[in-house]
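The exercises below are meant to be worked with the sequence and the coordinates side by side. Each task is followed by a solution that goes step by step.

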Amino acid sequence: MYRGFWGLTIVPGKTYSQNVDMPFRLSNAALDATIKSNTRTSVMLTVDDKSFVLCSLTPGSIEQQTVDITLSEGENITFETTGDNIVHLTGNFVYDMDEDSSEDEDDEDDEDEIDLNDISPEELKEMVEEGLIDPRILMGEGESDEEDLDYDSEDADADDRIREVTDEEEAELVAEVEEEKPSAKEVKIKKQAEKKRKAEQETQKEAASPKKSKQAEKAEKRAQKEAEKKAEKKAEAKPKTKDCGSGVMADIIKEGDGPAAKNGQRVGMYYIGKLTNGKVFDKNTGGKPFWFRLGGGEVIRGWDKGILGMKKGGERRLTIPSNMAYGKRGAPPDIPPNATLVFDIRMVEIK
């Protein structure tokens, strides 16, 4: 495979869409040399109306990320970012060289052909002596039977290969064929013997492979159904990711039931607040839930963004950049400056 360079610069607030006409592999994402904001920037990829987060880059922490994604011909894709920094994507175009190599081989074969009509007798003699040409080709013995395609009845008169078959010879040939032809009885016996042999082989196969008991078959079917159920649960358990705006990302663990929460409503929440290193700085997981008015500025802005639209019983994991949380000052002593926060939340009630 031959690979050429591919690259794209993503400016915040802009989207870059295309229908892939040449396959390419995306291998790296990196922040621009000029950092405009210390908040996290996420790279989003939409493929055929399905959006995914490729990676998240944070100045001073993770400024570039290696990826390994190949995008195929015919796919509709869109690149964009959430955040305030420019991101550079790089990779390789991928070419299939099979067709080109086969054409080159055909050209080489054509070049190797020699037209003997263009060579003088003296040159032919030297080439035969040096072993470069088979002398039988010059004598006509090495040529193919294509000449026989033009063979007609006039040539047959001068050719000893074709002559009239006499009645006596024809009778002898017919007699030989009749002798070699098996009788109907022999054919029948052979068919019966072949049928018996196949039946014996089937019997031997059945004897060699023990039959499964009904109980074993039921246990096997039960195990297969359980495996299918586990696979379905695993697929359902995989969270969907939602971009809530301003860099706030929500992994939807459970949708919940009933109407979605709107701005102005009071909501009761259970939660666990953590730093990105896993350290818990605050939590409320039982008893009286934490109540506040959604969209009223009573909590950090990341909560107003990330909780909007949740349903009763719904569960999410919010990843909130520092500018939507406690900013440059943080909340000492538990939350340092410019900290990205992670909240595991569950909506208990909506009023």
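A residue is called buried under 20% relative accessible area, exposed over 50%, and partly exposed in between. The model used here is a predicted one.

**Exercise 1. Salt bridge between strands**

Task: Determine which residue forms a salt bridge with Asp344, and classify both partners by accessibility.

Solution: Begin with the contact, in which Asp344 pairs with Lys274 and the closest N and O atoms are 3.2 Å apart. Next, place the two residues along the chain: Asp344 belongs to strand S15 (residues 341-350) and Lys274 to strand S11 (residues 266-275), so that the pair links distant parts of the chain, 70 residues apart. Then apply the cut-offs: Asp344 counts as partly exposed because its relative accessibility is 22%, whereas Lys274, with a relative accessible area of 17%, is buried. Finally, look for shared partners, since Lys274, Arg317 and Asp344 are joined into one network by salt bridges.

**Exercise 2. Two further salt bridges**

Task: Of the five salt bridges counted, examine the one between Asp68 and Arg25 and the one between Arg197 and Glu194, and state where the partners of each lie.

Solution: A general point comes before the cases: side chains of opposite charge can pair when their charged atoms come close. For Asp68 and Arg25, the closest N and O atoms are 2.9 Å apart. This pair links distant parts of the chain, with Asp68 in strand S6 (residues 64-71) and Arg25 in strand S3 (residues 24-31), 43 residues apart. Asp68 is exposed because its relative accessible area is 59%, while Arg25, at 23%, is partly exposed. For Arg197 and Glu194, the N to O distance is 2.3 Å, and both residues lie in helix H6 (residues 184-208), three residues apart, which is about one turn of the helix. Arg197 is partly exposed at 36% relative accessibility, and Glu194 is partly exposed at 33%.

**Exercise 3. Charged patches**

Task: Identify which residues gather in a patch of negative charge and which gather in a patch of positive charge on the surface.

Solution: The negative patch is made up of Glu122, Glu123, Glu126, Glu129 and Glu130. Taking one of its members, Glu129 lies in helix H2 (residues 121-129) and counts as exposed because its relative accessibility is 62%. The positive patch consists of Lys221, Lys225, Lys229 and Lys233. Here Lys221 can serve as the example: this residue lies in helix H7 (residues 214-237) and counts as exposed at 56% relative accessibility.

**Exercise 4. Backbone and cysteines**

Task: Locate the cis peptide bond, place Asp49 and Ser246, and state how many disulfides the structure holds.

Solution: First, the peptide bond from Pro332 to Pro333 is cis, its omega being near 0°, and Pro333 is found in the loop between strand S14 (315-320) and S15. Second, Asp49 has a phi near 70°, positive although the residue is not glycine, and sits in the loop between strand S4 (41-47) and strand S5 (50-57); at 78% relative accessibility, Asp49 is exposed. Third, Ser246, also not a glycine, has a positive phi of about 60° and lies in the loop between strand S9 (240-245) and strand S10 (248-254), where Ser246 counts as partly exposed at 43%. Last, the structure holds zero disulfides; Cys55 is buried at 7% relative accessibility, and Cys244 is buried at 13%.

How values were computed: Residues numbered from 1 in each chain as written. Predicted model: local features only at pLDDT ≥ 70, side-chain atom pairs only at ≥ 80, totals over all residues. Heavy atoms only, no water. Disulfide = S-S within 2.5 Å. Buried < 20%, exposed > 50% of the residue type's maximum accessible area, 1.4 Å probe, protein only. Patch = residues over 30% accessible without salt bridge, like charges linked within 9 Å, V, L, I, M, F, W, Y side chains within 5 Å. Areas by Shrake-Rupley, 256 points an atom, 1.4 Å probe, with all protein chains shown as cover. Salt bridge = Lys/Arg side-chain N within 4 Å of Asp/Glu carboxyl O. Lys, Arg positive; Asp, Glu negative; His and termini not counted. Charge placed at Lys NZ, Arg CZ, Asp CG, Glu CD. Helix = DSSP H or I, 4+ residues; strand = E, 2+ residues; numbered from the N terminus.
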